[in-house]
Amino acid sequence: MNGFMNFLSEKLLPIAAKIGQNKYLVVLRDAFMLSFPLTMFGSLIVVFNNLPFWPDELKGQFSTLFGNGQSATMSIMTVFVTFGIGYYFAKNEQVEAVFSGAVSLASFLILTPFFMKVTADKVEIEATGLLSLDRLGAKGMFLGILAAFIAAKIFVALTKKGIVIKMPDGVPPAVSKSFSALIPAIATMLVFLFINAFMVGVCKTNLHDVIYNIIQKPLTGLGTGLPATIVAIFFVQFLWFFGLHGQIIVNSVFEPFWQTNMLDNADLTKEGANALASHGHIVTKSFMDTFTVGLGGSGSTLIVVIIMAFVLKQKQYKEVGRLALAPGIFNVNEPVIFGMPLVMNATIFIPWILAPVLSVVIAYFGFASGLVPLTTGAQVPWTMPIFISGFLATNSIMGSILQLVQIVVIGIIWLPFLKMMDATKIETE
């Protein structure tokens, strides 16, 4: 066992550490966090508008009155992400960040069709001067990410090479910075303007549809299927076992897939329960936060803490369990990870890896079977206590019942290992 652990730590951990420090993934993570308060607001609107005890007529009225809260936040999330990528990329390169963010957003919008097909009197017409919300949200997410990174890269490169207009010292800083950004901004946006002109004039299409159909749709399907989800959970647990923050590393890779599916589900929720049930996604950001982390933190350790506090007999374990119980209710489990410790503890390697993986499989089939309604697209805070989070994510008590089943299964897996540790510790003392 020790040899196996040494092999893993020598071969895989350096790779994981490099992924966690990759500047592009760090920028992407920060860009999503920029949009977090906005999507949280939109999530609250989704939850309120679709509470299960509202009559259908009242839901329709609430959608009319409060629907803009979702449309102006979650539905145009790609706008915030593209600006965030440009901003944080330039900030990381020590270049004026606000202008880079604005240029990245404008570059994405240059590639976005300002027309959409609408039906009037049963006749489909093409209306111009309009922006479709889905292109600013889920459907445009991957193009937004690619465009923002390329635009920020060009803008930063030109700025660093000194291809700027330098103003005299007496000019106010705001004016001077604007003129400094002028040439890099124009050059960057010209690149995207010519790309769009080529796609529209020569290819008779637009880059949104090309990226969505060729890249985003297949990758999202692969990245959010059950095998990919199991891989994600496994590596979260595996990295945490060696003391690395598994969520930060793994989420930076999978976040675009989960967020895209979450936005899709939010849009489908607007159309009604039948649309969500027939076309919605199982694995979303809400799914991962609520039915993995939402069971007590990384490794779903709430039930582990409860067993330690009230079942085990050894004093150290009982004390750690009781101290970790309060934060564990809010899914903060560093006290037990480092207090037990779980890190580099070969005795509990099997349940640490197995329990969360089996738990997410149970959750997946709970949704796939139709026993539990799909997540509505509301992004429930990962610190929300268990059972409440399950209800809010699905707008159904079945979400809470699913969480109960998960923690029971996790407890059954952990119990023999915990009792063995308890007996060994007592015998040693």
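Biologist: Hello! Which residues does Thr292 touch, not counting residues up to four places away in sequence?

Modeller: Good place to start! Thr292 touches Ile233, Phe287, Gly297, Ser300 and Val360, where contact means heavy atoms within 4.5 Å. Please keep in mind that this is a predicted model, in which local features need pLDDT of at least 70 and side-chain atom pairs count only at pLDDT 80 or more, while totals for chains, interfaces and linings use all residues. Residues are numbered from 1 along each chain as its sequence is written, and side-chain values use heavy atoms, with hydrogens and water left out.

Biologist: Why is Thr292 called buried?

Modeller: Buried means under 20% relative accessible area, exposed over 50%, and partly exposed in between, with a 1.4 Å probe and protein chains only. Thr292 has 9% relative accessibility, so it counts as buried. Its place is the loop between α15 (285-291) and α16 (302-310).

Biologist: What makes α15 and α16 helices by name?

Modeller: The names follow DSSP runs: helices are H or I with at least four residues, strands are E with at least two, and both are numbered from the N terminus. In total the protein has 21 helices and 2 strands.

Biologist: How do you know that the protein is as compact as a globular protein of that length?

Modeller: The radius of gyration is taken over C-alpha atoms, and the globule rule is 2.2 Å times the number of residues to the power 0.38. For 429 residues the rule gives 22 Å, and the protein has 24 Å, which is close to it, so the description holds. Along its principal axes, the C-alpha trace spans about 75 × 60 × 40 Å. Buried residues make up 50% of the 429 residues.

Biologist: Where do the domain bounds come from, and what are the domains?

Modeller: The bounds come from an automatic or database domain assignment, which divides the protein into domain 1 (75-220) and domain 2 (223-424). Their C-alpha centres lie 36 Å apart. The contact between them takes 10 residues from domain 1 and 11 residues from domain 2.

Biologist: Back to the loop between α15 and α16: what makes Ser300 stand out there?

Modeller: Its phi is positive, about 55°, although Ser300 is not a glycine. Most residues other than glycine have a negative phi, and most peptide bonds are trans. Ser300 lies in that loop between α15 and α16, and its 3% relative accessibility is why Ser300 counts as buried.

Biologist: Which loop holds Asn331, and is Asn331 buried or exposed?

Modeller: Asn331 sits in the loop between α17 and α18. At 3% relative accessibility, Asn331 counts as buried. Asn331 also has a positive phi, about 65°, although it is not a glycine.

Biologist: Why is the peptide bond from Met340 to Pro341 worth a look?

Modeller: That bond is cis, with omega near -10°. Pro341 is found in the loop between α18 (334-339) and α19 (349-368).

Biologist: And how do you know that Ala324 is buried?

Modeller: Ala324 has a relative accessible area of 2%, so it meets the buried criterion. This residue belongs to helix α17 (residues 315-329). Leaving aside neighbours within four places in sequence, Ala324 is in contact with Val305, Pro335 and Val336. The C-alpha atoms of Ala324 and Ile350, 26 residues apart along the chain, are separated by 21 Å.
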